[in-house]
Amino acid sequence: MLATSQLSHATENKAQIKNGIIFNDDAKCTKCHDENESNPVLSIGKTRHGTRADGRLPSCVGCHGESDTHVNKPEGKKERPKPTFPFGKQTLNDISGHNEVCASCHKGGKFIHWQSSAHSARDVACTSCHQLHTAHDKVKDKRTQPEVCFTCHKEQRSLVNKQSHHPIVEGKVACSDCHASHGSAGPKLMQRDSIADTCFTCHMEKRGPFVRKHEPAEDCTICHNPHGSSVDNLLKTRPPYLCQQCHEPQSHQGGIPGFNSGTGTGTRTKGITMGRACLNCHTNIHGSNNPANVGNERTFRR
């Protein structure tokens, strides 16, 4: 029903443009909502929703409904009733209904996974992120987009301010470079089908192929916290302790300094885990093309 209504509005708008009249239905709105209003709704004319030559776009009525009681205030009412679809803070009263208004046009393409997305499942309204009646929608600008996301994702706000972080606060990387907020076929709303493929979009030198591949490189977040860390290179923990979460020290020449356990007590192996730890020798940690295979180990050396 709603889609049919939107289609009829689009058809009517095309006819109005052909006759040189732009959106007759808007005239009853702009009688009151003019340039003198405290809420500058006419700034929608500076956005893609206000492109007069695009007959696909709905009028005010197309998004906000007929709103008869809003236009003609009933007798005995102290306050003018809200439009049929008021949007903004009032969206919280009927999130699914408001999102259907947007989804009637914004469907397919990058919106195809919206219904199965985390944002849809948690009843996030489109207007919680997007501003329509403004020339500058914060969520569509790299520099201001993170502050919109951080409204809900407060843990990530803290992480990106740590000493090792992607240049998000500097305005060089935005949340949407990695995440598809309208839904994705990958995990965590990733832009690509996997976390690693999304990371490889920028970090192509880590893709390989390698003769010896480090299996955890299939999921970068096993070792890295992409939003930020107190350890260099976005690592979750400092080496060697990060490496020893998988590689227990008893079977390697990397005993923990100060302890007499394992094989790390010999003179030639003392202190092997100090300083840069495993990275003293294993420099190509994502994968290596070194043909040497000492002791049938994947050495990840140069």
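A residue counts as buried when its relative accessible area is under 20%, as exposed when it is over 50%, and as partly exposed in between. That is handy to keep in mind while looking through the views below, which come from a predicted model.

**View 1. The whole chain carries 10 helices and 2 strands.** Follow the sequence from its start and you meet the pattern α-α-α-α-α-α-α-α-α-α-β-β, with the helices leading and the two strands closing the series. Of the 302 residues here, 30% count as buried. The accessible surface of the chain comes to about 19800 Å², and carbon and sulfur atoms hold 54% of that area. As for how the chain meets itself, take the contacts between residues at least 6 apart in sequence: 48% of these join residues at least 24 apart.

**View 2. Lysine 28 and glutamate 66 join their side chains in a salt bridge.** Here the N to O distance is 3.7 Å. The pair links distant parts of the chain, with their positions 38 residues apart in the numbering. Lysine 28 belongs to helix α2, which covers residues 27-30, while glutamate 66 lies in the loop between α3 (60-64) and α4 (68-71). Why does lysine 28 count as partly exposed? Its relative accessibility is 29%, and partly exposed covers values between the 20% and 50% limits, so lysine 28 falls into that class. Glutamate 66 is partly exposed as well, with a relative accessible area of 43%.

**View 3. Lysine 138 and glutamate 147 form another of the salt bridges.** In this close-up, the closest N and O atoms of the two residues are 3.3 Å apart. How open is each partner to its surroundings? Lysine 138 has a relative accessibility of 34% and is therefore partly exposed. Glutamate 147, at 41%, is partly exposed too.

**View 4. Aspartate 141 and arginine 143 meet through their side chains in a salt bridge.** The N to O distance in this pair is 3.1 Å. Which partner is buried and which is exposed? Aspartate 141 has a relative accessibility of 14%, so this residue counts as buried. Arginine 143 reaches a relative accessible area of 65% and is therefore exposed.

**View 5. The salt bridges of the structure number 6.** Among them are the pairs from the earlier views: lysine 28 with glutamate 66, glutamate 147 with lysine 138, and aspartate 141 with arginine 143.

Key. Residues numbered from 1 in each chain as written. Predicted model: local features only at pLDDT ≥ 70, side-chain atom pairs only at ≥ 80, totals over all residues. Heavy atoms only, no water. Helix = DSSP H or I, 4+ residues; strand = E, 2+ residues; numbered from the N terminus. Buried < 20%, exposed > 50% of the residue type's maximum accessible area, 1.4 Å probe, protein only. Contact = heavy atoms within 4.5 Å. Areas by Shrake-Rupley, 256 points an atom, 1.4 Å probe, with all protein chains shown as cover. Salt bridge = Lys/Arg side-chain N within 4 Å of Asp/Glu carboxyl O.
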